[in-house]
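Trainee: I am new to this structure and would like to go through it step by step. Please show it to me.

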Amino acid sequence: MANPTDALTNETVIIELSAVAYNQRPLVEGLTTITNGLQSFLLILLDIAGENGETKQKAGSYLVGRSQIQDKLIKAGQGASDALVSRRLTELRKAKVCAMETQIQESKRVNHYKIETLASLALLPPIKSKKASDGGKQRRRTKTIINAQKEMFSNDRKGLLLSGPEDIIFFNQQLFNGILDTAMRVSSKDERKSISVTYKVHGHPLRITSSCSAKEGSGLLMMTDQRAMRCIISYCKKRIEHLKLKLADQYGAGFDRRFIPNVFHIDIHELCSLMGMRCVNTNLDIVVGMMERLSDTTFEVDASDNPWFMNTFSMFLLAKQTEDDQPIRSDRYKIQFLNNFESARENDSLPDLFGDSMENLRPRYYTFSLEQRLFYSLISDEAFNLFLSHEELSTERSGIVQRFYNWARAYISGRNKPGVEKKWFTLHEIHAALTPGHRLDNFRNYFLSALEKFSVSEDWSRKESGTSRIYGYYVNYKRENGEDYFQIQRDREDPIVGDNSRHNVLLRQKQIDLLEG
């Protein structure tokens, strides 16, 4: 066989594929995350790599020239201009699939592209308007389709099993950060072992009761503990994406999601760093307390009067049917953020005051499972756009700020709501929305202190007025006739909730898809 490099002598654009990338044709053929044009380009690239064979200079590498790709594209009746090839390679670079370096070979400039693996393409957001193989357009994800995904369970009396990789539930991301947090403590001064609230969600009441064990030292979750929650979710999300990348590389894009275990390990020092805290004894003890509360607090939810919650969070379908053949969904729930919780101490000893050694009683390593609904959300194909928040919240120590942000993301949201943003809320309305289980006077003090901390107006005053900006939301405050009033408006320039956030860009793209469809 002729040396494949001989045919590349006059090429000014060369693509080098590793043996791993060359063997990923099944992955490329099953991708729904790239355009048809890019998919066809990659398949042609792999065809030519096979025809050229491995290079003699570098075992396990395959070289392909631009003109070879163009010849194949022309034979396939497709566009083959230099600009088109350049655009395809740019798409791959943006997806971080390939890297490019400029080399000087025989007195000419050559752009050399290297592709190590194509697996990361499987982790991109799905292309909603990508045409199906039969020429019809892929159905867009609607509320009906999302509900249909929940039919993933085998409805037998022995148990409920995931039936396939496409059957991943899309759960609402606000379960812990937007609903259950209404039954958390505002501060450590609140020594209650149980909090009960009735909170209206989607127009219907939810009765939520949080409780912790009676053991000495235990305590209910505090709203400030959500900074640890956010760090843990982010940490697990990255671990899952890393594992999905490996599984996609090994089994293709359609690998069974059951291969992803709901088991995670974390070093308390790493968690401390993620929360922006120095790894000193005081801070480590604070984080240990957070982990204990995250595993010890149980939320009991009575959703019998809230059909939205039952339709969104029911984990299974009961065999019994109603008279109109509708499945009966769960209406009582017990929910914990961390399950199967284990801890291990480091094998260290510390000298005591008398010179003898004593064991270090602080846990160093934790193993846990996430709450199952949360885990299903993180392994779903929609996870790329879930659980996005301002990274500063992972270090934000104000519980009332954490709670305000959750409420604002759900109620004010990241979209234009002129009617909502013009409204002036009374103190009683804001109190009922944020902390219905806490005293009004305590709430007012915490909330006004937070507004003062985040003030963006020089003349902010509790007795008069002021404007604050809390992680993407402006809060206008005024006091009239002895009453407090608040107006909340979205910062349209904010990277997370603003007009050009990832979520809003995707919404605009969906609108374009609908118009083009």
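Mentor: A term to begin with: contact means heavy atoms within 4.5 Å. This is a predicted model, in which local features need pLDDT of at least 70 and side-chain atom pairs count only at pLDDT 80 or more, while totals for chains, interfaces and linings use all residues. Residues are numbered from 1 along each chain as its sequence is written, and side-chain values use heavy atoms, with hydrogens and water left out.

Trainee: How many helices and strands does the protein chain have?

Mentor: Helices (H or I, at least four residues) and strands (E, at least two) are DSSP runs, numbered from the N terminus. On that basis, the protein chain has 17 helices and 17 strands.

Trainee: Is Leu247 buried or exposed?

Mentor: Leu247 is found in helix α8. Buried means under 20% relative accessible area, exposed over 50%, and partly exposed in between, with a 1.4 Å probe and protein chains only. Leu247 has 8% relative accessibility, so Leu247 counts as buried.

Trainee: Which residues is Leu247 in contact with, leaving aside its neighbours within four places in sequence?

Mentor: One of them is Ile260, 13 residues apart from Leu247 along the chain, with 8.7 Å between their C-alpha atoms. With those neighbours left aside, the contacts of Leu247 are Gly252, Phe255, Phe259 and Ile260.

Trainee: Which helix gives the most to the largest nonpolar core?

Mentor: A nonpolar core is a set of buried Ala, Val, Leu, Ile, Met, Phe, Trp, Tyr and Cys residues joined through side-chain atoms within 4.5 Å. The largest one has 126 residues, and Leu370 and Phe337 are among those with the most contacts inside it. Ten residues of this core come from the helix that gives the most, α8 (residues 226-251).

Trainee: At what angle do α8 and helix α10 pack?

Mentor: Axes are lines fitted to C-alpha atoms, for helices over the stretch in contact, and angles run from 0 to 180 degrees between N-to-C directions. Arg227, Ala228, Met229 and Ile232 in α8 meet Ile286, Met290, Met291 and Leu294 in α10. The axes of α8 and α10 (residues 281-296) are 10 Å apart, and the packing angle is about 80°.

Trainee: Which strands stand at the edges of the open sheet β5-β6-β8-β9?

Mentor: Two strands pair if DSSP finds at least two bridges between them. In this sheet of four strands the pairing is antiparallel; β8 (residues 298-302) and β9, for instance, pair over four bridges. A strand with a single partner has one side left without a neighbour in the sheet, so the edges are β5 (194-201) and β9 (332-335).

Trainee: What is the bridge partner of Tyr477 in β17?

Mentor: Tyr477 belongs to an open sheet with the order β14-β17-β16-β15 and antiparallel pairing. Strands β16 (residues 473-480) and β17 (residues 483-490) are joined by eight bridges. Opposite Tyr477, the bridge partner in β17 is Phe486.

Trainee: Which helix packs on that sheet, touching β14, β15, β16 and β17?

Mentor: Helix α16 (residues 440-453) lies across β15, β16 and β17, at about 120° to β16. The helix that touches β14 as well makes about 105° with the direction of β16. That helix, with residues 399-411, is α13.
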